[in-house]
Amino acid sequence: MNELKPWRVTASRITYEDRWIRVRSDDCVTADGIVIAPFHVLDYPDWINVIPVMPDGRVLLTREYRHGRGEFVLGLVAGGVEADDGKTGDGKSGDAALAAAQRELREETGYEASTFVKLLTSYPNAASHSNMVTSWLALGLSRAGEPRFDPGEKVELLFTDLAAILSDLQSGAVIMQSMHVAALYAAESWLRRGARPRA
């Protein structure tokens, strides 16, 4: 069996960049000598998503317009990790993904959580995206104020039973972003095991 080897990059350039995305166009050569040029890589920042669990066991979902599909889509609290996430006042760096999860939960829902459990880290699309997504379970929720949406953002909040939403996903009654689906199943597994956050 042939050993797998990474592609060799012979040239790389940024062909598009704005505040949302950066497109890197690489000229590559495979281990077998096949030239693939250009190969476009989407350089997104890392992402997070959050499954907030209310004291009564219901999960908090979001519903908002998603222009790529031109539809209103059910999903999770989610967002990008920003440059200041995880930075502390003394100049040290903390867990940027956790800080982003805490910030996005507060901004999109107005809730804060006493405990965050890291469920999983995954690749949105390792073939063409450079980033990772970290999924969090948020427990011990309390209302901290009103949501603070970004310009152009409007989010509807929905409270639902986790088993019901998983059933709707399996039947096709609800379609969500795949990374949100994976996070919901990870949350269901964690909660079913009766896991408790580490002190």
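Helices (H or I, at least four residues) and strands (E, at least two) are DSSP runs, numbered from the N terminus. Under this scheme, Ile-48 falls in strand β4. The model is predicted, so local features need pLDDT of at least 70 and side-chain atom pairs count only at pLDDT 80 or more, while totals for chains, interfaces and linings use all residues. Residues are numbered from 1 along each chain as its sequence is written, and side-chain values use heavy atoms, with hydrogens and water left out.

The chain has 3 helices and 10 strands. Their order from the N terminus is β-β-β-β-β-β-β-α-β-β-β-α-α. The C-alpha trace spans about 60 × 45 × 40 Å along its principal axes. Of the 199 residues in the chain, 38% are buried. Here buried means under 20% relative accessible area, exposed means over 50%, and partly exposed lies in between (1.4 Å probe, protein chains only). Contact means heavy atoms within 4.5 Å. Among contacts with a separation of 6 or more, 57% are between residues 24 or more positions apart.

Helix α1 covers residues 96-109. Its 14 residues should span 20 Å at 1.5 Å a residue, and the end C-alpha atoms are 20 Å apart, which agrees. The expected span is 1.5 Å times one less than the number of residues. The helix is mostly covered, with 11 of its 14 residues buried. Alanines among them are Ala-97, Ala-99, Ala-100 and Ala-101. Charged side chains are buried in α1 too, including Arg-103, Glu-104, Arg-106, Glu-107 and Glu-108. Leu-105 and Thr-109 are also buried. The cover over these residues includes strands β4 (47-52), β5 (59-66) and β7 (77-80). It also includes β8 (111-122), β9 (133-143) and β10 (156-160).

Ala-96 belongs to α1 as well. Its relative accessible area is 27%, so Ala-96 is partly exposed. Not counting residues up to four places away in sequence, Ala-96 touches Val-81, Asp-85 and Gly-86. Ala-96 and Leu-191 are 95 residues apart along the chain, and their C-alpha atoms are separated by 25 Å.

Ile-48 gives a view of α1 from the strand side. Its relative accessibility is 1%, so Ile-48 counts as buried. Neighbours within four places in sequence are left aside in its contacts. In α1, Ile-48 meets Ala-97, Ala-100, Ala-101 and Glu-104. Other contacts of Ile-48 are Val-77, Ala-78, Gly-79 and Val-81. Val-133, Thr-134 and Trp-136 are also in contact with Ile-48. Met-179 lies 131 residues from Ile-48 in sequence, with 9.7 Å between their C-alpha atoms.

Two further strand sites were examined. A cis peptide bond joins Ala-37 and Pro-38, with omega about -5°. Pro-38 lies in strand β3 (residues 35-42). Glu-71 lies in strand β6 (residues 71-75). With a relative accessible area of 35%, Glu-71 is partly exposed. Glu-71 touches Glu-64, Tyr-65 and Arg-66, not counting residues up to four places away in sequence.

Helices α2 (residues 162-171) and α3 (residues 178-192) pack against each other at an angle of about 140°, with axes 11 Å apart. That makes α2 oblique to α3. Axes are lines fitted to C-alpha atoms, for helices over the stretch in contact, and angles run from 0 to 180 degrees between N-to-C directions. Angles under 35 degrees count as roughly parallel, over 145 as roughly antiparallel, 65 to 115 as roughly perpendicular and the rest as oblique. The crossing of α2 and α3 is left-handed (the near helix is turned anticlockwise from the far one by less than a right angle).

From α2, the contact involves Leu-162, Leu-166, Leu-169 and Gln-170. From α3, it involves Val-181, Leu-184, Tyr-185, Ala-187, Glu-188 and Leu-191. The contact residues divide into 8 nonpolar, 1 polar and 1 charged. Nonpolar covers Ala, Val, Leu, Ile, Met, Phe, Trp, Tyr, Cys and Pro; charged covers Asp, Glu, Lys and Arg; the others, Gly among them, are polar. An α-helix has 3.6 residues a turn, so residues three or four places apart point the same way.

Glu-188 lies in α3. At 24% relative accessibility, Glu-188 counts as partly exposed. Leaving aside neighbours within four places in sequence, Glu-188 is in contact with Leu-162 and Leu-166. The C-alpha atoms of Glu-188 and Ala-163 are separated by 7.9 Å, and these residues are 25 residues apart along the chain.
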